[in-house]
Each structure stands twice: as structure tokens, then as C-alpha cells.
Amino acid sequence: MNTNKKHGNEFEREFCQLLSDKGFWVLNVPQYSAGQPSDVIAVKDGKAYLIDCKVCSRRGFVLSRVEENQKYAMRLWYECGNGVGWFAIKTMSGEIWMMPLYILEMLKNQKSTVNHRDLIKYGMTFERWVKQ
């Protein structure tokens with residue numbers, strides 16, 4: 001398994017445990033060779049969340065890593081009344097930031113990479129997201 005995939009899988013497991021510790025019912029979506037549109041489905045207090053986990057490189061989060069099948073699934077998720085699709089982005093320092101798909105799509109029209117300043121401006125910390 002390549003290093004990026006290994007780090008991604010480790011973050012998915014870590015993120016699922018964090019959600020579980022915060023009282024969410026969590027499903028780490030099985031990975032298929034053809035890919036899947038998200039990594040995690042989490043439910044708490046009657047609300048379901050579709051979440052994809054990404055690990056940043058030193059440069060930040062490269063927006064081209066948001067795949068077309070993820071966009072399609074998250075849009076359909078929203079149209080079915082389940083709220084927006086989310087990305088859990090882990091930085092090199094270990095921080096976890098939450099960003100909705102529509103913000104990443106807006107940023108993609110302006111730049112190719114989300115940096116730490118963008119995460120602060122447009123995202124929210126995992127802890128804040130859990131409390132909302």
C-alpha cells in the first residue's frame with residue numbers, strides 16, 4: 001500500500017473513532033477498487049453526515065483531489081434532504097478542519113490549493129463542527 005493511501009486509511013479510522021467518542025453512530029464506508037464517494041457516514045441526534053477524509057500535503061489541500069463522483073454523491077445527498085457533504089481535512093500539524101463541498105467548489109474557482117489561512121477563514125475546527 002502506498003504511503004498516501006496508508007495515511008488516508010489511518011486518518012479515516014482515527015476520524016471515525018473521534019466521532020464515536022463524541023456520541024455519533026459511525027460507518028467507515030468500505031473501499032472498492034472503483035472508488036466510493038465518501039469515507040464516512042455519521043449520525044447523531046437525527047442528523048446524518050456524509051464525510052470524505054483527506055490528509056494535507058505540505059502545500060495544503062489540493063482541490064483537484066475532490067473527485068467528480070464525490071461531488072455528484074454529495075449533491076444528491078443534499079437533494080435528498082440530508083444536508084451538505086463535508087470534507088474532514090487533516091493538516092500536517094494534526095489539526096482537523098471541516099469544510100463543506102460548496103465552499104471547496106467556490107474556492108476551486110479562485111485557486112488550486114487550500115492553505116491554512118483558507119481553512120481558518122472558510123472552515124471550522126472539528127471541535128466547533130461537533131458542537132454546532
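In this predicted model, Met98 makes a broad set of contacts beyond its sequence neighbours: leaving out residues up to four places away, Met98 touches Phe15, Ile51, Trp86, Phe87, Ala88, Gly123, Met124, Thr125, Phe126 and Trp129. Met98 also belongs to the largest nonpolar core, a set of 18 residues, and is listed there with Phe15, Leu19, Ile51 and Trp129 among those with the most contacts inside the core. Helices and strands both feed this core: two or more residues come from each of α1 (3-21), β2 (40-44), β3 (47-55), β5 (85-90), β6 (96-100) and α5 (126-131). Helix α1 provides the largest share, with 4 residues. A second core, separate from this one, holds 17 residues, among them Leu50, Phe61, Leu63 and Ile89. As general background, nonpolar side chains in soluble globular proteins tend to be buried together.

One of the partners of Met98 is Gly123, and this glycine is worth a look of its own. Gly123 sits in the loop that links α4 (116-122) to β8 (124-125). Its relative accessible area is 9%, so Gly123 counts as buried, the limit for that class being under 20%. With residues up to four places away in sequence set aside, the contacts of Gly123 are Trp97, Met98, Met99, Asp118 and Arg128. Phe24, by contrast, lies 99 residues from Gly123 along the chain, and the C-alpha atoms of the two are separated by 21 Å.

Burial extends to a charged residue as well. Glu12, which counts as charged, is placed in helix α1, the helix that gives the largest share of the main core. Because its relative accessibility is 7%, Glu12 is classed as buried. Apart from neighbours within four places in sequence, Glu12 is in contact with Asn28, Gln31, Asp39 and Cys53.

Turning to helix packing, α2 (residues 68-79) and α3 (residues 101-108) pack with their axes 11 Å apart and at an angle of about 135 degrees. This angle makes α2 oblique to α3, because angles over 145 degrees would be needed for the roughly antiparallel class. The crossing of the two helices is left-handed. On the α2 side the contact is made by Lys71, Met74 and Arg75, and on the α3 side by Leu101, Glu105 and Lys108. In terms of residue type, this contact comprises 4 charged and 2 nonpolar residues, with no polar ones.

Technical notes. Residues numbered from 1 in each chain as written. Predicted model: local features only at pLDDT ≥ 70, side-chain atom pairs only at ≥ 80, totals over all residues. Heavy atoms only, no water. Axes fitted to C-alpha atoms, helices over the stretch in contact; angles between N-to-C directions. Parallel < 35°, antiparallel > 145°, perpendicular 65-115°, else oblique. Left-handed = near helix turned anticlockwise from the far one by under 90°. Contact = heavy atoms within 4.5 Å. Core = buried A, V, L, I, M, F, W, Y, C linked by side-chain atoms within 4.5 Å. Buried < 20%, exposed > 50% of the residue type's maximum accessible area, 1.4 Å probe, protein only.
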